Structure formats: C-alpha cells, structure tokens
Amino acid sequence: MATGKKQPIVQFKGIMKRFGKVVAVEKMDFDIEEGSLVTLLGPSGCGKTTLLRMVAGLEEPTEGDIFIKGVRINDTPIHKRNLGMIFQNYALFPHKTIFENVAFGLKYRDVPKEDVTQKVTRALEMVRLPGVENRMPSQLSGGQQQRIAMARAIVIEPDVLLMDEPLSALDENLREEMRREVDNLQQMLGVTTIFVTHDQREALSMSDKILVMKDGRKQQEGPPEVVYNEPTNHFVADFLGHSNFIKGEVVAVDDQHVDVRIETGDVLFAENKGGFSKGDAVEMIVRAQRFDAFPMEEFEPTEGLNHFEGRIKDRSYMGGEVSYFIELGNNREIHVISMMRTRIYNLGEAVSVQVAPHHCHLIALE
Ligand SMILES: Nc1ncnc2c1ncn2[C@@H]1O[C@H](COP(=O)(O)OP(=O)(O)OP(=O)(O)O)[C@@H](O)[C@H]1O
Ligand SMILES: [Mg+2]
C-alpha cells in the first residue's frame, strides 16, 4: 500500500452495550490495525470482556457497528467470523486427546483429513509442544494446557485472535514466560490480536497499542510509551505506574516552560507542550521513579532541573530499589522510588530532591 500506514482490520464505530440499566460499553470508537497486538486495559467491570465478546459474536451491540476487514459483522453468526479465541480458564475438552482438542476448530471447516493432521502438527510446533497429540489435557501442566489452547485458536488461521485474560490463572513466573510466548507467537504469525488484561505490566510489555477503559468508556488509546508518559487524564496516570499528583497553579508561561506554584509554595517548572496559560489550575504528574533524592550535604543542584527539599517519612526496601515517602512543606508528601544510586536514607533524614521538567507532565485539574 502506497501510504505505508497499515489498514484497520477491526473497527468499532459508536459501539455501545447495555445490559438492562447497566451500560457496559459506552459509545466506543476504536480501530485496530492489521497485524498488531492491542490490549484492552482497565479495572474489573470496565467492559473489556463485553467488548471482546461483541467482536466474537457472543454478545450483540445495543448500538453502533463493528467492522472486520471493512465488512459490517453485527449480524454475522459466530462460526462465519474467522476468529480464534482463548479465555482465562483454558477450557480444553478433558475427555478428548490433545489432537482432538486442537483439531476441534477445523471440524466445521471442510478441511481434508490429511490436512487436519498436518495443521495440528504445525500448530503444536508453533506453541513448542510437538508430539503431545495422544496425551490427555490432565497429563499436561497449566502452562502447557494454555499453549494447547493457543494451538487450538491459531490452527484455523484466524483473521483476529481474541484473548481474555489468558494468563491470569498462571503463577507469576509462568505468567512472565507465557507473556513472552504469546508475544513471540503473535509476531511470528503476524496475526492481529486483541488481548484483554487488567495487568498494566502485561499491557505495557506486549502491546503495539493500549486502549485504557473505565466504566465502559475509552480513556486513552496509544502506544505503551505514550499512554505511560503522556497520560491524558488522572485516571490513566493513576492506573499505570506509580504517579505523584501535585496540585498547583500556573504562575508563568514562556516558550519552554510552564511554571507552577504547588501547595508547598515551591515553584516547579514543566516542559511547555502547549495548552496552559497563567492562572490555570493544574495537576502535575510525576512518576515516582523520575525523582532523584540526594543526601543534603552532598547535593549540588543541576542547572535546568527542579529541586526542593524534604524529609524521609517512610521507606520500604524492595531489593533493587527503595520506595520512600518524602514529606515536603505544608503537609504534602511525594512518593519516590529510588534505584539506590547513593545510600539508603534514614527515617527523618533531610534530603534534596531533583526532577527534570520534561518528567513533569501537566493536565488540567478535573
Ligand atoms: N450478561 C450480563 N448481564 C448483566 N450485566 C453484565 C453482563 N455481562 C457484563 N455485565 C456488566 O457489564 C459491565 C462490564 O462487564 P465486563 O465483564 O465486560 O467487565 P470486564 O472489564 O471484563 O471486568 P473483569 O476485569 O472483572 O473481567 C459490568 O458492570 C458487568 O457487571
Ligand atoms: Mg472480563
């Protein structure tokens, strides 16, 4: 294609889903590009599963349209949508062999018998479990069973792969491993994937694009680094990562900086990305990892950075890093996660804190 931009393969246009009085999904417009991995991220009950079930054909939209490859599919029955699905509890058929489980999706697709064997073998190779055709699901571990579920979903060569919290039943280590596995498989096959999770780390590490949802509404969409570094509202900043929200008022604006007087009386400056003028009430968002804390006696301020003083109020040692709550003036405190470039500070110790203006992200006070 001449434009170089990939075409959307799935499109939601004004999609809304109501269950009685409950609005599960509210006026959603969203495009998913071909070959990409998109995660639907948000707290429990925000409508992730409902959105996915509408793509799958398990739920009918109350309003709006869903398109796959440019064709409106609202009324297309499930078996005519070429989709692979993987859910939280892998739901393999316990009394069928692995071969039968994986071949299941091909049954209704008029695939010649010899091709079935070949496709199943290939799918099992893709999930790195060759040769388990004759075993029963109970003879495989949880992680292996989930890979079989993946094999069953990809064997039909789906247009879109739908995954609803597929890793949440696994323990933390296995989950990490499987996360990489899903990621690799998706890239190898180049299959468009919609992945539902409420785990921000999962979303950040895997996605080409994240759709952050709350109460059925889209909060923000974008690549992980944009959603993480440039959250458009308080909810998104709070949901992803450890954020400090510092209220203040814009006291000056020039080409480069927006100066904000915060509640301690200190004036901090943020990079000027436009949109703010003197007198605006703002929230300054700073990630806990972006602050650097220094021992008072050694501190030499770096020009061009914000710096202020505080006192260690609380600390927790977390192995590779230390989490501090630092008390500023006027009863305000900030959360700082320090990679221990110096030493561990004592409770009550006075420290100097520094942060670069480009790590101070401003949003309008809601
Ligand atoms: N069949 C249903 N009947 C009535 N209400 C429903 C139904 N399915 C979902 N809901 C409601 O719709 C809202 C969205 O539910 P959904 O399952 O999509 O959330 P979710 O984001 O997947 O949550 P979780 O992370 O807990 O899986 C919730 O308020 C839920 O109670
Ligand atoms: Mg769900």
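User: Which residues make the nonpolar surface patch of about 210 Å²?

Analyst: Happy to start there, and please keep in mind that this is a predicted model. The patch is nonpolar and covers about 210 Å² of the surface. Its members are L58, I78 and F87.

User: Let's stay with I78 for a moment. Is I78 buried, partly exposed or exposed?

Analyst: I78 lies in the loop between β5 (71–72) and β6 (83–86). Its relative accessibility is 39%. Buried means under 20% and exposed means over 50%, so I78 counts as partly exposed.

User: Now to the largest pocket. Which element gives the most to its lining?

Analyst: The largest pocket holds about 570 Å³ of space. Of the 21 residues that line it, the closest to its centre are L83, M85, F104, G105 and R152. Two elements, β6 and α4 (142–154), each supply at least two residues of the lining. The one that gives the most, with 4 residues, is β6.

User: Why is helix α1 described as largely enclosed by the rest of the structure?

Analyst: Helix α1 spans residues 48–56. Its buried residues are K48, T50, L51, L52, M54, V55 and A56. The helix is largely enclosed because the buried residues number 7 of the 9.

User: And which residue with a positive phi follows α1?

Analyst: Good one to check in the backbone. Just after the helix, phi is positive, near 95°. The residue with this value is G57.

User: Turning to strand β1, is Q11 buried or exposed?

Analyst: Q11 is found in β1, which runs over residues 8–19. Leaving aside neighbours within four places in sequence, Q11 is in contact with F30, D31, D65, I66 and F67. Its relative accessibility is 16%. The cut-off for buried is under 20%, so Q11 counts as buried.

User: What about V267: which residues is V267 in contact with, leaving aside its neighbours within four places in sequence?

Analyst: V267 belongs to strand β13 (residues 267–271). With 38% relative accessibility, V267 counts as partly exposed. Once neighbours within four places in sequence are set aside, its contacts are V251, D259, V260, R261 and N306.

User: One last distance, please. How many Å separate the C-alpha atoms of V267 and T232?

Analyst: Gladly! Along the chain, V267 and T232 are 35 residues apart. In space, the separation between their C-alpha atoms is 23 Å.

Notes. Residues numbered from 1 in each chain as written. Chains lettered and ligands numbered in written order. Predicted model: local features only at pLDDT ≥ 70, side-chain atom pairs only at ≥ 80, totals over all residues. Heavy atoms only, no water. Buried < 20%, exposed > 50% of the residue type's maximum accessible area, 1.4 Å probe, protein only. Contact = heavy atoms within 4.5 Å. Patch = residues over 30% accessible without salt bridge, like charges linked within 9 Å, V, L, I, M, F, W, Y side chains within 5 Å. Areas by Shrake-Rupley, 256 points an atom, 1.4 Å probe, with all protein chains shown as cover. Salt bridge = Lys/Arg side-chain N within 4 Å of Asp/Glu carboxyl O. 1 Å grid on protein atoms, 1.4 Å probe; cavity = no way out; pocket = protein on both sides within 12 Å on 5 of 7 lines; lining within 4 Å. Points joined across faces, edges and corners; volume = space filled by probe spheres on them.
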